[in-house]
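Please look over the fold and surface of the protein shown here. The report is meant to be read beside the sequence and the model.

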Amino acid sequence: MARTNKIVVPEARQALNQMKTEIANELGLSNYDNIDKGTLTSRQNGYVGGYITKRLVESAQRQMAGK
């Protein structure tokens, strides 16, 4: 299956990967970078993506509000 998601700002890749790892650790998924994501449930993978989206939206809202 081909990946269709493209990072609009390639310079942000490292920060996004770090955020993904931090969120996974907070959710109890240690060593997230090195595990086979196929062994995780859809719910576990969804939580990581959902929390990333939530944090990015919160960050954008703060930035737009000037805080």
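The report takes up the overall build, then two residues, and then ring contacts and a surface patch.

This is a predicted model, in which local features need pLDDT of at least 70 and side-chain atom pairs count only at pLDDT 80 or more, while totals for chains, interfaces and linings use all residues. Residues are numbered from 1 along each chain as its sequence is written, and side-chain values use heavy atoms, with hydrogens and water left out.

The protein has 2 helices and 0 strands, where helices (H or I, at least four residues) and strands (E, at least two) are DSSP runs numbered from the N terminus. Its C-alpha atoms fill a box of roughly 40 × 25 × 20 Å along the principal axes. Of the 67 residues, 12% count as buried, where buried means under 20% relative accessible area, exposed over 50%, and partly exposed in between (1.4 Å probe, protein chains only).

| Residue | Helix | Relative accessibility |
|---|---|---|
| Gln18 | α1 (residues 13-26) | 46%, partly exposed |
| Tyr51 | α2 (residues 42-65) | 37%, partly exposed |

Gln18 and Asp33, 15 residues apart in sequence, are 9.6 Å apart in space, C-alpha to C-alpha.

Lys37 lies over the face of Tyr32, at 4.5 Å from the ring centre; a charge sits over a ring if NZ of Lys or CZ of Arg is within 6 Å of the ring centre and within 35 degrees of the ring normal.
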